[in-house]
Amino acid sequence: MQVPSPHPAQPRNPLHGLTLEAIVTALVAHYGWAGLGERIPLRCFTSDPSVASSLKFLRKTPWARDKVEGLYLFMLREIRRAPKS
């Protein structure tokens with residue numbers, strides 16, 4: 001009898017294996033804190049922003065984390081669709 005693995009492979013999930021820190025860092029690198037705060041108006045992005053304070057808030061606030069993950073997926077689509085120079 002084969003025991004199912006506790007974490008099934010998710011080859012089509014672009015968030016699989018990414019930490020929240022990696023997602024926030026990538027968004028800040030792409031949009032900057034100001035751009036991130038415009039797209040998702042949260043105080044952790046607009047008032048004295050840091051990765052640490054953002055992570056602390058996002059880990060306690062599921063709806064905000066969902067917005068950040070959604071923006072990350074949107075950013076990936078934007079990057080894929082951008083014309084190659």
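In the predicted model, Val-68 makes contact with Ile-23, Val-24, Leu-27, Ile-40, Phe-45 and Leu-58 when residues up to four places away in sequence are not counted. Val-68 also belongs to the largest nonpolar core, a set of 20 residues. Within this core, the residues with the most contacts are Val-24, Leu-27, Leu-42, Phe-45, Leu-58, Val-68 and Tyr-72. Two or more core residues are supplied by each of helix H1 (20–39), helix H2 (43–46), helix H3 (51–60) and helix H4 (62–81). H1 provides the largest share, with 7 residues. In soluble globular proteins, nonpolar side chains tend to be buried together.

The chain as a whole contains 4 helices and 0 strands, and its elements follow the order α-α-α-α from the N terminus on. Of the 85 residues in the chain, 29% are buried. Among contacts with a sequence separation of 6 or more, 55% are between residues 24 or more positions apart. The accessible surface of the chain amounts to about 6300 Å², and carbon and sulfur atoms account for 56% of this area.

Helix H3 has a buried side and a face turned away from that side. Its buried residues are Ser-54, Leu-55 and Leu-58. These residues lie on the same side of H3, because they cover an arc of only 100° around the axis. They pack against H1, H2 and H4. Leu-58 is, in addition, one of the residues with the most contacts inside the largest nonpolar core, and Val-68 is in contact with Leu-58. The face of H3 turned away from the buried side carries Ala-52, Lys-56 and Lys-60, which are exposed.

The packing of H3 with H4 was examined further. Two packed helices are described by the angle between their axes and the distance between the axes. For H3 and H4, the angle is about 115° and the axes are 5 Å apart. On the H3 side, the residues involved are Phe-57, Leu-58 and Lys-60, and on the H4 side they are Pro-62, Ala-64, Arg-65 and Val-68. Classified by residue type, this contact comprises 5 nonpolar and 2 charged residues, with no polar residues. Lys-60 thus appears both in the contact with H4 and among the exposed residues on the face of H3 turned away from its buried side.

Further residues of H4 were considered individually. Glu-69 lies in this helix and counts as buried, because its relative accessibility of 18% falls under the 20% cut-off. Apart from its neighbours within four places in sequence, Glu-69 is in contact with Leu-15 and Ile-23. Ile-23 is also in contact with Val-68. Ile-79, likewise found in helix H4, has a relative accessible area of 43% and is therefore partly exposed. The C-alpha atoms of Ile-79 and His-30 are 9.8 Å apart in space, although the two residues are 49 residues apart in sequence.

A further pairing involves Ala-26 in helix H1. Ala-26 has a relative accessibility of 25% and so counts as partly exposed. With residues up to four places away in sequence not counted, Ala-26 touches Tyr-72 and Met-75. Ala-26 and Tyr-72 are 46 residues apart in sequence, and their C-alpha atoms are 8.0 Å apart in space. Tyr-72 is itself listed with the residues that have the most contacts inside the largest nonpolar core.

The loop between H2 and H3 includes Ser-47 and Asp-48. Ser-47 counts as partly exposed at 43% relative accessibility. The C-alpha atoms of Ser-47 and Gly-37 are separated by 9.0 Å, the two residues being 10 residues apart along the chain. Asp-48 has a relative accessible area of 70% and is therefore exposed, as this value is over the 50% cut-off. Phi of Asp-48 is near 50°, a positive value in a residue other than glycine.

Conventions
Residues are numbered from 1 along each chain as its sequence is written. This is a predicted model: local features need pLDDT of at least 70, side-chain atom pairs count only at pLDDT 80 or more; totals for chains, interfaces and linings use all residues. Side-chain values use heavy atoms; hydrogens and water are left out. A nonpolar core is a set of buried Ala, Val, Leu, Ile, Met, Phe, Trp, Tyr and Cys residues joined through side-chain atoms within 4.5 Å. Buried means under 20% relative accessible area, exposed over 50%, partly exposed in between (1.4 Å probe, protein chains only). Contact means heavy atoms within 4.5 Å. The arc is that of the directions from the helix axis to the C-beta atoms. Accessible areas come from the Shrake-Rupley method with a 1.4 Å probe; for residues, only the protein chains shown count as cover. Axes are lines fitted to C-alpha atoms, for helices over the stretch in contact, and angles run from 0 to 180 degrees between N-to-C directions. Ala, Val, Leu, Ile, Met, Phe, Trp, Tyr, Cys and Pro count as nonpolar, Asp, Glu, Lys and Arg as charged, and the others, Gly among them, as polar.
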